[in-house]
Amino acid sequence: MIAWLIALPLLIAGFAATHRLLRRRGRAVLRTVCAANAALFAAALALLIVALSGGSASAQAATAAAESSGSNGAALIGAAIAVAGASLGAAIAVAYTGAAALAALSERPELFGRAMVIVGLAEGIAIYGLVVAIILIGEA
């Protein structure tokens, strides 16, 4: 988790610098950015291969350490991502459908029932995220 706290501002600064360079120079910077992305992808792939080909002794030691500490951090992080993603998606969906529903209601007030059903369906996305989070926490 500490690695993310360190890496996230660096990533944001890198994206901001890349955006600024792309606005100034164009194609040459685009090629440089694509080469850097390819190098990062290759490094991530190599790290994944090394992690997956690790010995069973290290995996057993890690499993024993996780069981002894009672940590279910991965499930909690997964639940947080599920709730956050579903809530953002529901917010965007409700914003668009709510605006459209209000526009339709200003012209034809008898469409209230249909408009609220559509807005309610958009809000259901957040409930799905909550259900996934509860399932993830229950499994851990």
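The following dialogue discusses how to read several features of a predicted model.

Trainee: How many helices and strands does the protein chain contain?

Mentor: This predicted model has five helices and zero strands in the protein chain. Read from the N terminus, the order of elements is α-α-α-α-α.

Trainee: What share of the 140 residues in the protein chain is buried?

Mentor: Buried residues account for 13% of the 140.

Trainee: How should one describe the packing of two helices?

Mentor: Two packed helices are described by the angle between their axes and by the distance between those axes. In this structure, consider helix α4 (residues 73–107) and helix α5 (residues 112–139): their axes come within 8 Å and cross at roughly 180°. Angles over 145 degrees count as roughly antiparallel, and α4 and α5 are therefore roughly antiparallel to each other. By class, the contact of α4 with α5 comprises 24 nonpolar, four polar and one charged residues.

Trainee: Which side chains meet in a salt bridge?

Mentor: The criterion is a side-chain nitrogen of Lys or Arg within 4 Å of a carboxyl oxygen of Asp or Glu. By this rule the count is one salt bridge. The side chains of R108 and E110 form this contact, with an N to O distance of 3.0 Å.

Trainee: Are E110 and R108 buried or exposed?

Mentor: E110 counts as exposed because its relative accessibility is 57%, over the 50% cut-off. R108, at 44% relative accessibility, counts as partly exposed.

Trainee: How is empty space located in a model?

Mentor: Rolling a probe the size of a water molecule over the atoms shows where empty space is left. In this structure, the largest pocket holds about 210 Å³ of space.

Trainee: Which residues line the largest pocket, and which helices supply them?

Mentor: The lining consists of L10, L11, G14, F15, T18, V33, A36, N37 and L40. Helices α1 (2–24) and α2 (27–52) each supply at least two residues of this lining, and α1 gives the most, with five residues. By class, the lining has six nonpolar residues, three polar residues and no charged residues.

How values were computed. Residues are numbered from 1 along each chain as its sequence is written. This is a predicted model: local features need pLDDT of at least 70, side-chain atom pairs count only at pLDDT 80 or more; totals for chains, interfaces and linings use all residues. Side-chain values use heavy atoms; hydrogens and water are left out. On a 1 Å grid over the protein atoms alone, a cavity is a set of points where a 1.4 Å probe fits but cannot get out, and a pocket is an open set with protein on both sides within 12 Å along at least five of seven lines; lining residues have an atom within 4 Å of a point. Grid points are joined across faces, edges and corners, and a volume is the space filled by probe spheres set on the points. Helices (H or I, at least four residues) and strands (E, at least two) are DSSP runs, numbered from the N terminus. Ala, Val, Leu, Ile, Met, Phe, Trp, Tyr, Cys and Pro count as nonpolar, Asp, Glu, Lys and Arg as charged, and the others, Gly among them, as polar. Buried means under 20% relative accessible area, exposed over 50%, partly exposed in between (1.4 Å probe, protein chains only). Axes are lines fitted to C-alpha atoms, for helices over the stretch in contact, and angles run from 0 to 180 degrees between N-to-C directions. Angles under 35 degrees count as roughly parallel, over 145 as roughly antiparallel, 65 to 115 as roughly perpendicular and the rest as oblique.
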